[in-house]
Amino acid sequence: MMKERTLRVLEFTKIRDMLAEKALTEMGAERCRALTPSCNLSEVKAWQQETEEAAVILQYMGGHPMASFQDVRPFLALADKGATLSPRALLNIAELLRASRTARDALVTERDNTPILRSKAEGLCTLRHLEQDITDAILSEDEIADRASAELMNIRRHLRGATERIKEKLNQMCRSAAFQKYLQDAIVTMRNDRYVLQVKAEYRSSVPGLVHDQSASGATLFIEPMAAVEMGNELKQWELKEKIEIERILAALSAEVAPYAAQLRDTIDLLAELDFIFAKGLLSREMFAVTPRLNSEGRINIIRGRHPLIDREKVVPSNLWMGTDFTTLVVTGPNTGGKTVTLKTVGLFTLMAQAGLQIPADIGTELAVFEQVFADIGDEQSIEQSLSTFSSHMVNIVSIMHEVTPRDLVLFDELGAGTDPTEGAALAQAILTRLLHIRVRTLATTHYSELKAFALSTKGVENASVEFDVETLRPTYRLSIGVPGKSNAFEISRKLGLPENLIDAAKELLSGDSIRFEDVIANAEYHRQVAEREREIARQASMETIKLRDEAEKLRREMEERRESAMRKAKEDARRLMEQTRREAEGIISDLKRMKKEMKSPDAETNAIRKRIEAGVDSLSEGLTRKVENTMPPKTVKPGDQVEILTLGQKGTVLSAPDQKGEVQLQAGIMKFKAHLSQLRLIRQEQPKQKAVVKTNTAAMTRTVKMDCDVRGMTLDEALNEVDLYLNQAVMAGMGEVSIIHGKGTGVLRSGIQQHLKRHMLVKEYRLGVFGEGESGVTIVTLK
């Protein structure tokens, strides 16, 4: 079990307090505050899996899957002994059952990615009938429902009747003119749970009855008139019966709870456990934490780790690794540079992970499960024990050196500080060498140059440093492994204004080896920062390249999908047209065979077949006509020129030269209108003959308008609009006779369309279709 001092020094106790705030219940919060890390790898992995499942469910549901409830274990103990529970206690038990049912419904599902939580939820006791009985009978802590029992409903009916009778009697007395002179106020009130009147003291003898109270001045007496005493006694009897019945109902509900007391205790424990697990999930969401990979080999690899107690907007993520190529890491750098934070981050991450909590780092982070985490951090001097800072640190270090094993993690802050620098550095080097030999994972912070050199020259030991910006005199809090830190004392002093001659004198007091060592460190740090900046530029360029590649791939997929969609649509349209053509051909062949067999060819049937053929040709040629939109509009035209009108998709003849606005008079079929030159395309012909052109134009336009207009399924207003548009197009195409298909149905469309055709300016006459044309489902229209 982890030492309580370690949990306090590494601030794990604060993490437990944060976790307790996420719990819904006090029982869940108690479990959060009692959380301690485990050194069993299998147990830690199971705890991490629970936390991960809780985070998954919170993400999936968007909120907490549980409901709050109270600790009802004391009430269950009373019910187990046969005691009658209060309404509040019974309502709390119903609340517990509702919370259990809510959790079970949310967690026992078909999801296969939350097996642990589903297994726990399957053990929850619901008891829907008991919950329903309690909530039906008890409305609130102070109110029992009338429907709690038939007897209670009957009692309360009589109680209301008795109350109404006594109030009515007293109100009659208040309204009596002769009686009002005795009253201080003509209202009915209560004293000692009895209905009374406020009578003036001087008229006490005039109002016989029982005096229940008097005012402070003695001027008013609260009297229950004798006429109402018997009614009041009756009311008290019903109130007593109500109280007895309520006691009986509460006793019956308490007896109903008693057999399930043991199950409900187990349910409380399970719900508290689930509350604790979901508190871990909520804390993970708040920290943007991840589940670390775990090992028992002492490997640590933290990727962009963020100390959870530092503001997320201010904390600087750090990368740290150890346990593979080296087991000891010596961190150097200036004060307030982040050395201690780095030390605490590693220790706190280890404790959190071994307690089943996710850690605020990036995916891929790996941590080891240690048997103990030893930490010597902060000023632990004791006035009571007359110990100096160095002595108090040394007492702790001695304890660590006696207890440490290769399966532990050791953290030293400013190892060897507080005494003579030479002796302190030698002592620190001896301690680190001993821990290195027994392969203990060790992190130590220091200012000693001797320890930097020790890390450079000793296998299994590595240097690390925290950066410091000399220009701004501020730490950057970035950790760099492989490069020892520089104290920067001279540079900081120069920036702060210390005279240059004093700085030069201080440098002369340093040994040549020390100066050269610091220069090597400074040069290595400069090149490291340059390499870091270049690596960052390369990383950003790589990310931009990946982004462009992804966008190009996305565009390629979209184009491929569009092409495939267009191909599918084209094939489907072709299949539909082929199927339609086959059906039409079979119908025409069948009609021709029938006509040949009958040896007759009535004009109506011949016209119907011709129309069907033309309609089929029109539908097959839909979208295949040659477009001329890409040609340039003519600069001018002259009367007699043939042009194509782009807005109508028709051909027409020019009747006049362009006016100042560039508009010309045109004729298409029997219609005359104006259009702008930009909407026209000139049709060139070798031998323009007016009659031939008109005839060819009419034939071309006829092909673009179908022989019939189908309005089946439309409302009358929609059908009339469609018919008007169709007749205009038919006239412009030079067609003489067309068909309007309205169907037989109720006859509303047929009647409305024919009434409309009577007044239509383009219609010469109309008639119903005959056999072969559609009969009464079609109207044949002859155009002017």
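This text walks through the structure, from overall make-up to single residues and then to the sheets.

The model is a predicted one. The protein chain holds 23 helices and 25 strands. It has 784 residues, and 41% of them count as buried. Many contacts reach far along the sequence. Among contacts between residues at least 6 apart, 66% join residues at least 24 apart.

Start close to the N terminus, with helix α2, residues 12-21. Its buried residues are Phe12, Ile15, Arg16, Leu19 and Ala20. Seen down the axis of α2, these fall within an arc of 140°, so they line one face of the helix. The spacing fits a general rule. An α-helix has 3.6 residues a turn, so residues three or four places apart point the same way. What does the buried face of α2 meet? The buried residues of α2 pack against α1 (4-9), α3 (26-33), α12 and α13 (339-354).

Just before α2 comes glutamate 11. This residue sits in the loop between α1 and α2. Its phi is positive, about 65°, although glutamate 11 is not a glycine. Glutamate 11 is also buried, with a relative accessible area of 17%; the cut-off for buried is under 20%.

Helix α12, one of the partners of α2, covers residues 261-287. How does the span of α12 compare with what 1.5 Å a residue predicts? Its 27 residues should span 39 Å, and the end C-alpha atoms are 39 Å apart, which agrees. Phenylalanine 288 follows α12. This residue lies in the loop between α12 and β7 (293-295). Like glutamate 11, phenylalanine 288 is a non-glycine residue with positive phi; here the value is about 55°. Is phenylalanine 288 buried or exposed? It is exposed, with a relative accessible area of 54%. Glutamate 11, by contrast, is buried.

Next comes a sheet in the stretch before α12. Four strands form an open sheet in the order β3-β4-β6-β5, with antiparallel pairing. β3 (183-191) and β5 (209-214) stand at the edges. Each has a single partner strand, so one side of each is left without a neighbour in the sheet. The twist averages 35° from one strand to the next. Inside the sheet, β4 (residues 194-200) and β6 (residues 220-225) run antiparallel and are joined by four bridges. One pairing can be picked out: glutamine 198 has phenylalanine 222 in β6 as its bridge partner. Helix α9 (residues 150-175) packs on this sheet and touches β3, β4 and β6. The direction of α9 makes about 10° with that of β4. Helix α11 (residues 226-257) lies across β4, β5 and β6. It runs at about 70° to β6.

Further along is serine 318, in strand β9 (residues 318-322). At 16% relative accessibility, serine 318 counts as buried. What does it touch? Leaving out residues up to four places away in sequence, serine 318 contacts Ile302, Ile303, Arg304, Gly305, Tyr477 and Leu479.

Then look at β13, residues 409-412. Leu409 and Leu411 point one way, Val410 and Phe412 the other, and all are buried. In a regular strand the side chains alternate between the two faces of the sheet. β13 has parallel partners. Strand β12 (residues 373-376) pairs with it over four bridges, and phenylalanine 374 stands opposite valine 410. Strand β14 (residues 441-446) also runs parallel to β13, again over four bridges. There leucine 411 stands opposite leucine 443. From β13 the chain crosses through helix α15 (residues 421-437) to β14, and this β-α-β crossover is right-handed.

Finish with another open sheet of four strands. Its order is β22-β23-β25-β24, and its pairing is mixed. β22 (708-710) and β24 (763-768) are the edge strands, each with a single partner, so one side of each has no neighbour in the sheet. The twist averages 20° from one strand to the next. Strands β23 (residues 737-741) and β25 (residues 778-783) run antiparallel, with five bridges between them. Glutamate 737 has threonine 782 in β25 as its bridge partner. Two helices cross this sheet. Helix α22 (residues 716-732) lies across β22, β23, β24 and β25, at about 160° to β23. Helix α23 (residues 748-758) lies across β23, β24 and β25, at about 155° to β24.

Notes: Residues are numbered from 1 along each chain as its sequence is written. This is a predicted model: local features need pLDDT of at least 70, side-chain atom pairs count only at pLDDT 80 or more; totals for chains, interfaces and linings use all residues. Side-chain values use heavy atoms; hydrogens and water are left out. Buried means under 20% relative accessible area, exposed over 50%, partly exposed in between (1.4 Å probe, protein chains only). Two strands pair if DSSP finds at least two bridges between them. A crossover is right-handed if, with the strands pointing away from the viewer, the path from the first strand over the helix to the second runs clockwise. Axes are lines fitted to C-alpha atoms, for helices over the stretch in contact, and angles run from 0 to 180 degrees between N-to-C directions. Contact means heavy atoms within 4.5 Å. The expected span of a helix is 1.5 Å times one less than its number of residues. The arc is that of the directions from the helix axis to the C-beta atoms.
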